[in-house]
Amino acid sequence: MLSTLVCLLATQQISVQEPPQLRTICRNGAVVFVDRMPDEPVISVQLWASAKSVPETPDTHGLRHLLEHILVKGQAKDLDRRLETEGCFLTAQTFRDAMQIEVNVGPQQLDLAIKTLNELLKPVVTTQAEIDREVGVLTQEFAIYDDGSRLSAAAWDQAFGKDGLDPFGDLQVLKKATPEALKSIQRKQFYPEHLALVIAGPVDVKKATEAGVELIGMKQGANSPPQVPQRSGKPGRIEANALGEGRAALVGAFDSPGTVAALAAGLAVASEVEDSFVTYTPSVANAVITAGQVQGTSGMGRRFDGIAESDMPHLFAVGRYLAKTWYQRQMSSPRSVAAFRGQLLCQGAGYRPEQMESAIKSMTFQAFQQGLASFSRAKAVTVVGQ
Amino acid sequence: MILAFLAATVMSTVGTVIEVPDKDTETVRIEALVKLPTLSPIQRSLLDGIAGVFPCDTATFSKGQINDLSGRVGQRLRATAMDDYLRLSYEVLAPDVLTGLSMVASTLREPTLTTSQIDLSLQALRSRRLGYWESALKLNPFLQPKYSERDITNLKTLVFRPENVTVAVVGNFTPGAPTQRWQELEMLWTPGRLPAPEPGADPLVKPPQSVESNLSVLEFRAQPILAKDASLPTRLLALVALGNGKGSSLFRIAREKLGWSYRQEAVLSPTESGFLPRLLVVESQDEVSSHDPEALRKALLEDIVAWTDDDRKRAIGMAEASLVRGAGPSSLYFLPSRPVTTGWEDRGFLTAYWRLKTGEAWNPYQLIGKMGFVSLEELKQTALELVTKAQAVVSNSKSG
């Protein structure tokens, strides 16, 4: 009994001493971040690769998305089956600023997740026949692209033109894809200095960090990290091949007071409109926050245009609360935490979600009013669906 | 965020309150699920219309008061009707939980429903555009009902009864207080005499729903499962093996081998008496009008025959990933357009729904444990039967 007690005390002492989070910047520029969440039933291991070296251009539009589809099948094309047999699951997404590969495993399966990502960092194995078949699947995916995504993509198009190309891609470009083109994209997408690995869940911080550093911290980096010019947005009106309508505020970095105020304003107004949505992917670059709805053709815009002075205090209270809740939801589970941290860290080792939390807490009524104004017809992108 | 179940109290009038305290939150979510009795198709549509009227004035509270309480957290009272339940979902600040419960109870017990409100709601439903997925999931089409005041009264009396209600309260509150308040509210609730039943209709013979013009949904509808059927774990496992996850038969065949589709899923839909296992394949009609379902059925049957123990293990693993870890998509499509998740937003709903549906507490570990005892032969036999006896349905723009 005494030995059991000693053991328990020792365990408690270790857990108290262990730091809950640890960020490691590797010599090659890659970043490893471990977030210990001891009570969770899942470890989320997410590799985020910045798109700094592979920006979408009209000639390569969608090749990253196609690469993502083919890469995550694994070297022997049976990766999903192997993972699911172990109670694990892999997903991947391509964003404008980055590619995300997410492996979710049980509390004792960190090694399996690391091994999986190691497999995915090897040169992609593919054939022209596989690419052609996958383009067919992408054609199917495009057909079910939802209205909210189409409205948001149109807003990006109006705001940033070719600097804001939708990461889904252009099917005509994809039909010309070759194995060589995908391998070239892969090399640039996964330059070590563009990588961030986030491990969130019930893990030993030190061991997880070591495993992460061994995975991405030992590879040789590219010679010269590219300087990506800041995209510059413009307001206006655009029609979208979708049902519904929306307003998109042009915003700066994720933690700027204007961005946070626009997010709060969008959430507050959207909470008053049926079938509404707010889309925002946190970015260190200029971006848009789209507030829309998919049933009518004027509800959201009309609400933004019709806000009276007397509505402001209530909207401010609601917006501040919803922005805080939005942040808390992002930080509530290993999956969401790893996603939020990863998409920022791969854009720069110094970016942290907590910066956004601070901005939300310090948001003033005046800033919120400016946030609302950023959705006005003069300052925002008006998206009109069918 | 892990939530601990504190109490599941069965009340004297059979209504159930389940408390899920979580001190980390500032709000409380109240989920009130009303188990639906057998309804005629017209009654179902009328209930959809009534759900669209909520939140409304009640004998005790005005609509403004109900909106104001949830409006403080940017939410509103939401009502959804499915084939087996009516759901009221209401989120309020923690100090407002008891008032929130009173408003939910009042909405169910004494709503002020006028025909003009219901007409407006039905009109909105008629013109409402469903996305292809929600449309495909919906088993019963919306029918424009002709109804009278008496029909409304009868439906209210039939459905809104305390013994039909299961309530889950999730969030920051004093344990025991919601249960006590609900008991007090139930004391005020004297339901009327049950009206004579109207004939029901078999939901499976309804015509398929229309979907967006460039999409078609190919579906296999299997035999329904009763909610308390002991074979539920086996049949759910077969469904997962067939269509849940990227190692499933449906994914490997419809997407990887045939290239027919980007989205294909195994779905367990709620029905009045249980669940309906379904396999759905979404296709773009830009390339072809639709593929032959029998070719897919044949390929699936051949695949099942070739299943090994790896397929059985994958299905169990996938069920564990989705139901315990929230790591992948689930087949439990108990909501109108998406499956339930393991996250905070669905915790109260799933807790209440499973109790209402099966009479038991939701315990995914127990369910996975039972799946572990299913042999490969049993799994194959169940899957073969599921696919062989399934009704093939193709929904497209021409069929609605």
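**Entry 1: inside chain B**

I began where the two domains of chain B meet, and I found 11 residue pairs in polar contact across the interface of domain 1 and domain 2, with both residues of each pair at pLDDT 80 or more. On the side of domain 1 of chain B that touches domain 2, I listed the elements that give two or more residues: β2 (16–21), β3 (27–35), β5 (85–93), α5 (132–137) and β6 (165–171). I sorted the residues of that side by class and got 17 nonpolar, 10 polar and 12 charged. I keep in mind that this is a predicted model.

Next I looked up where the domains run. In chain B, the assignment gives domain 1 as 7–187 and domain 2 as 207–395. Their centres, taken over C-alpha atoms, are 28 Å apart. I see 39 residues of domain 1 of chain B in contact with 35 residues of domain 2 of chain B.

How much area is buried between these two domains of chain B? I read about 3300 Å², with carbon and sulfur atoms giving 64% of it. On the domain 1 side, B:Tyr132, B:Trp133 and B:Leu139 lose the most area to domain 2, together 23% of what that side buries.

I also looked for salt bridges, and the count between the two domains of chain B is two. I noted a salt bridge between the side chains of B:Asp84 and B:Lys357, at 2.6 Å from N to O.

**Entry 2: inside chain A**

I turned to chain A, where domain 1 covers 20–216 and domain 2 covers 236–384. Here the C-alpha centres lie 25 Å apart. The contact takes 39 residues from domain 1 of chain A and 40 from domain 2 of chain A.

The two domains of chain A bury about 2900 Å² between them, and 70% of that is on carbon and sulfur atoms. I picked out A:Trp48, A:Leu151 and A:Gln158, which supply 20% of the area that domain 1 of chain A buries against domain 2, more than any other three residues.

I counted two salt bridges between these domains of chain A. I also wrote down the salt bridge of A:Asp35 with A:Arg341, whose closest N and O atoms are 3.1 Å apart. Which element gives the largest share of the side of domain 1 of chain A that touches domain 2? I found α6(A), with 12 residues. That side divides into 18 nonpolar, 12 polar and nine charged residues.

**Entry 3: chain B against chain A**

Now I compared notes on the two chains: 49 residues of chain B are in contact with 47 residues of chain A. They bury about 3700 Å² between them, of which carbon and sulfur atoms give 49%. For chain B, I marked B:Lys246, B:Tyr262 and B:Arg325, which supply 19% of the area it buries against chain A, more than any other three residues.

How many salt bridges cross this interface? I got nine. I zoomed in on the salt bridge between the side chains of A:Asp275 and B:Arg128, at 2.9 Å from N to O. There are also 23 residue pairs in polar contact between the chains, both residues at pLDDT 80 or more.

On the chain B side, α9 (249–257), β10 (274–284) and α11 (309–323) give two or more residues each. The largest share, eight residues, comes from α11(B). By class, I have 14 nonpolar, 14 polar and 21 charged residues on that side.

**Entry 4: aromatic rings**

I finished with the aromatic pairs, 23 over all chains. I looked up A:Phe254 and A:Tyr351, which form an edge-to-face pair, 6.0 Å centre to centre with 85 degrees between the planes. A:Phe254 lies in the loop between β8 (245–251) and α10 (257–270) of chain A, and A:Tyr351 in the loop between α13 (334–345) and α14 (353–361) of chain A, so the pair ties together parts that are 97 residues apart in sequence.

Terms used
Residues are numbered from 1 along each chain as its sequence is written. Chains are lettered from A and ligands numbered from 1 in the order in which they are written. Side-chain values use heavy atoms; hydrogens and water are left out. Domain bounds come from an automatic or database domain assignment. Contact means heavy atoms within 4.5 Å. Buried area is the accessible area (1.4 Å probe) that two parts lose on being put together, summed over both. A salt bridge is a side-chain nitrogen of Lys or Arg within 4 Å of a carboxyl oxygen of Asp or Glu. A polar contact is a pair of N or O atoms within 3.5 Å; within protein, one must be able to donate a hydrogen and the other to accept it, and residues adjacent in sequence count only if both atoms are side-chain atoms. Helices (H or I, at least four residues) and strands (E, at least two) are DSSP runs, numbered from the N terminus. Ala, Val, Leu, Ile, Met, Phe, Trp, Tyr, Cys and Pro count as nonpolar, Asp, Glu, Lys and Arg as charged, and the others, Gly among them, as polar. Rings of Phe, Tyr and Trp (its six-membered ring) pair if their centres lie within 6.5 Å; planes under 30 degrees apart count as stacked, over 60 as edge-to-face and the rest as tilted.
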